[in-house]
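Thank you all for making time this morning. I would like to take you through one structure, slowly, and I will begin with a term that we need before we look at any residue.

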Amino acid sequence: MAIRRGRGVAAINYPTGMNLGGDPSQALVHSTPTGNFMVTLSSVDLGQGLKQVMAQICAETIGVPTEQVIIDTADTDTGPHCMGTFASRGTHRIGNAVVQAAREARQVMLEVAAEALEVNASDLETDGTGNIHVKGAPQKSISIFDTALTAHFKLGRSISGRGMFLVPRSYPEVETGAMKPSTCYAHACTVVDVEVDDETGEVTVVSVKNVFEIGRALNPKMVEQQLVGGSWMGISHALYETTEPYYPSREHGGTDFNEYLMPGPGDLADTEIIVLERPAADGPYGAKGPGEMCANPQIPAVANAVFDAVGVRIDMLPITPERILRALKEQRAA
Amino acid sequence: MELRKNYFADERKDDLHEIGQSRPRSDAPGHVTGKTAYFADRTFPGLLHLKMVRSPHHHARIKGIDTSEALKHPGVVRVLTAKDIPHNLYTILILIQVGPEDEYVLAEDKVRWKGEAVVAVVAETERAAQEAVDKVKVDYEVLPAVFDMEEALKPGAPLVNEFHPGNFYLYDSGDHRKVRFGDIEKGFAEADHVLEQTYASSPIEQAPTETTGCVVMPEGNDRFTCHTNTQAMFFTLDNTSIILQMPGHKLHMVGGTVGGGFGGKVDVIVEPIAILAARLTGRPVSFIYGRYEEMQISSPRAAEKIIIKDGVMKDGRIVARKVTGYTDAGAYSRHSPYGAQKGAAHYPGPYTVPNVWIDTYCVYTNRTPSSAMRGFGVTIADFALEVQMDKLARLIGMDPLEFRFVNAYRDGDMKAHRQPTTGAALIECMQEASRAANWPVAEKYLQMSSYKGG
């Protein structure tokens with residue numbers, strides 16, 4: 001009886017947005033009198049940081065620092081329609097709607113600045129820190145603060161924009177299944193090292209190395225938190241989780257966090273995250289949806305590593321010590 | 001975390017001001033200092049609490065319901081049964097024309113899973129509501145139940161849901177969604193090896209920190225404000241409008257930060273009944289799942305069974321892949337017909353296979369209705385596909401990572417669902433994994449690219 005080491009790999013892709021499309025999101029953007037920008041949505045932040053990412057997308061597009069953008073969301077009286085936060089669609093779908101709304105608002109902003117500076121709007125650019133200036137002539141400039149005041153109090157204009165993003169719905173062809181499930185895909189490859197105690201069947205995940213390709217990391221720290229959390233969830237799915245531990249008996253399902261098995265802090269492996277960026281042609285600044293796919297490759301990688309360690313295949317999730325021991329017993333008998 | 005900017009540098013301009021910057025999250029200080037407001041932080045004078053009487057049986061006919069003792073219980077304000085619901089029969093995806101309506105907000109003639117909602121009790125306190133729940137008497141005639149998808153599909157199996165004869169979801173393509181590409185039998189005939197394996201999974205709970213719930217306030221203008229942690233505001237509003245036969249302009253959904261969803265809050269379960277209770281009592285109503293309900297009543301990830309049959313050549317090329325996938329919807333559809341169909345679109349995985357045959361089934365059993373969860377339709381598929389890839393590599397004596405390079409899709413390759421591949425990056429992920437994990441592969445694989453012809 002011994003602790004045996006094994007290593008497994010898995011590679012996956014994952015569609016961004018609702019399967020077959022048809023899932024709209026809309027956004028409205030307007031400026032306050034002093035050049036701050038409100039983004040109005042009905043989208044839901046699940047704790048992953050949707051509001052922060054939408055603020056950065058709006059800020060980038062308009063040309064102001066992120067702290068000057070306020071996100072007002074998750075209210076059906078004020079926010080335009082959003083299909084919801086699921087299917088790895090938030091950043092991609094809502095982000096695209098915000099880009100479109102912010103572009104329209106930016107255009108009005110530049111027209112107002114052009115009138116104030118007595119130049120053509122097409123000759124203007126933003127410096128990203130809150131100023132608008134003539135291309136090639138940074139001294140000929142106006143702040144966005146003053147531009148907004150001009151729009152509100154002198155020109156009577158609304159610096160605002162409307163955004164809408166919809167991937168047209170695809171209907172699968174009945175006999176062949178020809179269809180367009182998604183416009184872009186994220187990718188991943190994970191290598192897992194495990195130790196398996198062939199006496200107890202217990203698996204210790206020693207290290208998880210994840211490579212994720214997500215189009216563009218709009219906020220790298222927030223991408224990291226999501227990818228690390230996803231990687232842990234993958235380990236949890238592989239080794240622990242079931243609501244029916246004694247299926248087909250439906251009794252004994254976990255009813256709280258004591259009974260429902262998931263890894264605790266001591267069960268988590270060294271986790272490495274590497275991110276590649278191949279921008280999606282239709283993504284906001286190239287972003288794809290990383291939210292779901294980051295929890296997938298660890299599961300088969302763990303299964304393959306367990307086989308590599310002890311030579312038994314567990315083809316039923318979760319890979320519990322009991323299943324490993326039963327398989328080892330069969331292996332020895334054979 | 002490390003950003004590897006050397007890959008795809010020619011497709012990306014790194015000239016942005018705000019994008020690509022790790023700006024601190026504006027909501028993080030609120031989260032870590034306990035100042036972030038969640039829906040359940042809303043309290044209103046006169047708030048009532050709703051608790052549910054649930055089926056103790058997996059499958060049973062309801063012969064009678066007696067709420068008289070519950071109504072007499074101190075603190076009870078109202079007891080709701082199926083006949084109080086204006087449009088009791090619903091299905092969530094009817095909004096995008098995925099029917100039929102197949103689930104009752106409160107059970108009518110039958111219960112089809114253990115935990116199904118039968119009677120709602122509304123009381124002054126949570127305790128009074130819970131005590132009164134125990135006083136509702138439901139007379140059941142227990143019926144045979146089925147918990148296994150293959151059993152459920154056999155002729156003569158107990159019928160789980162009358163709207164789904166045969167216990168399967170009826171797509172326009174029949175009892176399963178199909179993908180057909182190339183000539184599967186020719187592929188198997190050509191193959192050096194054929195390997196057929198079966199994979200399975202158990203239901204998995206989304207396990208959010210914050211349980212599902214809502215708090216409803218009837219406003220003075222005959223509108224209802226519902227503070228909810230749904231993942232989809234208008235999905236909830238529009239389904240509530242249908243169930244309560246109430247124009248949408250009477251409804252106002254307010255969300256905010258949700259304490260984790262993972263797909264578990266895409267169903268529309270708590271809001272319609274809580275809004276109805278608020279309408280019928282004229283008082284604010286709270287309906288919040290306890291941890292037990294979150295763990296055992298709310299929809300989990302579906303159990304799945306996946307059979308993969310592959311034909312592979314000695315040189316590593318997969319020449320045929322046939323997948324039969326079964327998704328256990330439990331007793332009602334919720335989002336499962338969508339999930340099973342998403343699986344059909346996902347196979348054969350990120351690999352270019354010339355001959356593909358996919359059948360995915362959405363099957364009804366008397367298990368807890370399943371629904372969306374992170375990786376919906378794909379997570380378990382990837383488990384099956386990638387374990388199968390490992391087995392195939394070992395079968396032909398190839399390194400498992402090199403085997404994946406041989407089959408990886410690249411730009412321009414035609415997928416089984418007849419879309420050309422664009423934006424592929426699997427090869428580069430594997431190259432980087434080879435480097436990061438010190439998993440050596442032959443130089444020719446490190447020279448490959450996802451670009452067309454690469």
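When I say that one residue touches another, I mean that their C-beta atoms, placed from the backbone, lie within 7 Å. Please also keep in mind that what you see is a predicted model.

With that term in hand, let us take A:Val306, and ask which residues this valine touches once we leave out those up to four places away in sequence. They are A:Gly6, A:Val194, A:Val196 and A:Val203, together with A:Ile314, A:Ile319 and A:Ile324. A:Val306 also belongs to the largest nonpolar core, a set of 234 residues, and is listed there with A:Cys58, A:Val302 and B:Val121 as having the most contacts inside the core. The element that gives the most to this core is helix H2 of chain A, residues 90-117, which supplies 12 residues.

Let us stay with that helix for a moment, since H2(A) also meets helix H3 of chain A, residues 144-155, and their axes come within 9 Å and cross at roughly 85 degrees. Angles from 65 to 115 degrees count as roughly perpendicular, and therefore H2(A) is described as roughly perpendicular to H3(A). On the H2(A) side the meeting involves A:Met109, A:Val112, A:Ala113, A:Glu115 and A:Ala116, while H3(A) brings A:Ile144, A:Thr147, A:Thr150, A:Ala151 and A:Leu155. Sorted by class, the residues of this contact are seven nonpolar, two polar and one charged.

Now let us turn to chain B, which has 13 helices and 18 strands, and whose C-alpha atoms fill a box of roughly 80 × 65 × 35 Å along the principal axes. Of the 454 residues in chain B, 56% are buried. If we consider the contacts in chain B with a separation of 6 or more, 77% of them join residues that are 24 or more positions apart.

Finally, how many residues of each chain take part where the two chains meet? On the chain B side there are 98, in contact with 97 residues of chain A. Helix H12 of chain B, residues 426-436, gives the most to the chain B side, with seven residues, and that side as a whole has 45 nonpolar, 28 polar and 25 charged residues. The chains also pair through strands, as strand E11 of chain A, residues 270-276, and strand E1 of chain B, residues 2-3, run in the parallel sense over two bridges. Within that pairing, the bridge partner of A:Val275 is B:Leu3 in E1(B).

Notes:
Residues are numbered from 1 along each chain as its sequence is written. Chains are lettered from A and ligands numbered from 1 in the order in which they are written. This is a predicted model: local features need pLDDT of at least 70, side-chain atom pairs count only at pLDDT 80 or more; totals for chains, interfaces and linings use all residues. Helices (H or I, at least four residues) and strands (E, at least two) are DSSP runs, numbered from the N terminus. Ala, Val, Leu, Ile, Met, Phe, Trp, Tyr, Cys and Pro count as nonpolar, Asp, Glu, Lys and Arg as charged, and the others, Gly among them, as polar. Two strands pair if DSSP finds at least two bridges between them. A residue is buried if 20 or more other C-beta atoms lie within 10 Å of its own, exposed if 12 or fewer, and partly exposed in between; C-beta atoms are placed from the backbone. A nonpolar core is a set of buried Ala, Val, Leu, Ile, Met, Phe, Trp, Tyr and Cys residues joined through C-beta atoms within 7 Å. Axes are lines fitted to C-alpha atoms, for helices over the stretch in contact, and angles run from 0 to 180 degrees between N-to-C directions. Angles under 35 degrees count as roughly parallel, over 145 as roughly antiparallel, 65 to 115 as roughly perpendicular and the rest as oblique.
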